[in-house]
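Trainee: Got a few minutes to go through this one with me? I'd like to start with the strands and then move on to the packing.
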Amino acid sequence: MRIAAMGDLHVREHGDTYKDLFSEISQVADILVLTGDLTHLGKPREAEILAADLRSCSIPMVGVLGNHDYECGHVEEVTSILKDAGVHLLEGQAVEVDGVGFAGVKGFAGGFGRHMLGSFGEPAIKAMVAESVEETMRLENALRQVRSERAMVVLHYAPIVETVQGEPMEIYPFLGSSRLAETIDRFPVKAVVHGHAHRGTYQGRTPGGAPVYNVASHVEKPTGRPYALLEL
């Protein structure tokens, strides 16, 4: 299966159209995977504009939301609009398309390796760590639903530090969490895609060897296009 993967579209009320790009993707890929920040401010109107553009996409679509999609507090409405447009929007679930299982969550911040934030101190810190752990548990539940031998994990936040390199080091803890990679490595995952780190690095691997791709539209890819093309 040829998978086109792309994130961080940041659709605005008066921004560029993606109609031609979605039409192009339909000619070169079998499925489109979207890795969050689909809208810029999480406004329903932005989601409606994206939904209209997605009519140009004639292949199946799978995706997750990103932090920007939560900004205005209309996440339920944004979710409904995108699902009605035909996107299999994953929030801790899995879906199988043509023999490939896709498990997806937004993910969350928390940091990487021995620098991961621990649940200690103020309630605000403990709440942040609890959110990171909760997203990891959702990912685990999604991966347990996958029955296909070919599995892809779809995230917004990064599971490894390698694919956020290029961003300022000071914000690394806000770009992802190694907790996600720890969960991924307990399952036979063929590939992982994420976005969020606009100035990050295209490719890396989890400690267990699963390939990870930062497919934020701003990141340079082998295709030379805003989307990556992956074979699974």
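Mentor: Happy to. Keep in mind that this is a predicted model.

Trainee: Okay, what's the strand order in the open sheet of six strands?
Mentor: The order is S5-S6-S7-S8-S10-S9, and the pairing is mixed.

Trainee: Which strands stand at the edges?
Mentor: Strand S5 (93–97) and strand S9 (203–205) do. Each has a single partner strand, so one side of each has no neighbour in the sheet. From one strand to the next, the twist averages 25°.

Trainee: And S8 with S10, do they run parallel or antiparallel?
Mentor: Parallel: strand S8 (residues 191–194) and strand S10 (residues 211–214) are joined by three bridges. Valine 192, for one, has valine 212 in S10 as its bridge partner.

Trainee: How many bridges join S5 to strand S6?
Mentor: Five, and there the strands run antiparallel, with S6 covering residues 100–104. Alanine 94 stands opposite alanine 103 in S6.

Trainee: What about the hairpin of S5 and S6, which residue takes a positive phi there?
Mentor: That's aspartate 98, with a phi near 50°. The hairpin has two residues between the strands.

Trainee: Let's switch to helices. Which residues of helix H1 are buried?
Mentor: In H1 (residues 19–28), they are Leu21, Phe22, Ile25 and Ser26. These cover an arc of only 145° around the axis, so they sit on the same side of H1. Asp20 and Gln27, on the other side of H1, are exposed.

Trainee: What do the buried residues of H1 pack against?
Mentor: Three elements: strand S1 (2–6), strand S2 (31–35) and helix H2 (44–53).

Trainee: So how many residues does the largest nonpolar core have?
Mentor: It has 28, and those with the most contacts inside it are Leu9, Phe22, Ile25, Leu32 and Leu50. At least two residues of this core come from each of S1, H1, S2, H2, helix H3 (75–84) and strand S4 (87–89). Apart from that core lies another of 24 residues, including Ala5, Val62, Val97 and Val193.

Trainee: Back to leucine 9, what is it in contact with?
Mentor: Setting aside neighbours within four places in sequence, leucine 9 contacts Tyr18, Phe22, Leu34, Gly36, Asp37, Leu38 and Leu50.

Trainee: New topic: how many aromatic pairs are there in the whole structure?
Mentor: A search finds three. In the pair of tyrosine 202 and tyrosine 213, the ring centres are 5.4 Å apart and the planes are at 50°, so the pair is tilted.

Trainee: Where are those two tyrosines in the chain?
Mentor: Tyrosine 202 is in the loop between S8 and S9, while tyrosine 213 is in strand S10, 11 residues apart. Both tyrosine 202 and tyrosine 213 are buried.

Trainee: And histidine 194, buried or exposed?
Mentor: Buried, because its relative accessibility is 0%. Histidine 194 is in strand S8. Not counting residues up to four places away in sequence, histidine 194 touches a list of residues that includes Thr35, Leu155, His156, Tyr157, Val212 and Tyr213.

Trainee: Last one: where does methionine 137 lie?
Mentor: In helix H4 (residues 123–145). Methionine 137 is partly exposed, at a relative accessible area of 46%. Its C-alpha is 19 Å from that of proline 207, and the two are 70 residues apart in sequence.

How values were computed: Residues are numbered from 1 along each chain as its sequence is written. This is a predicted model: local features need pLDDT of at least 70, side-chain atom pairs count only at pLDDT 80 or more; totals for chains, interfaces and linings use all residues. Side-chain values use heavy atoms; hydrogens and water are left out. Two strands pair if DSSP finds at least two bridges between them. Helices (H or I, at least four residues) and strands (E, at least two) are DSSP runs, numbered from the N terminus. Axes are lines fitted to C-alpha atoms, for helices over the stretch in contact, and angles run from 0 to 180 degrees between N-to-C directions. Buried means under 20% relative accessible area, exposed over 50%, partly exposed in between (1.4 Å probe, protein chains only). The arc is that of the directions from the helix axis to the C-beta atoms. Contact means heavy atoms within 4.5 Å. A nonpolar core is a set of buried Ala, Val, Leu, Ile, Met, Phe, Trp, Tyr and Cys residues joined through side-chain atoms within 4.5 Å. Rings of Phe, Tyr and Trp (its six-membered ring) pair if their centres lie within 6.5 Å; planes under 30 degrees apart count as stacked, over 60 as edge-to-face and the rest as tilted.
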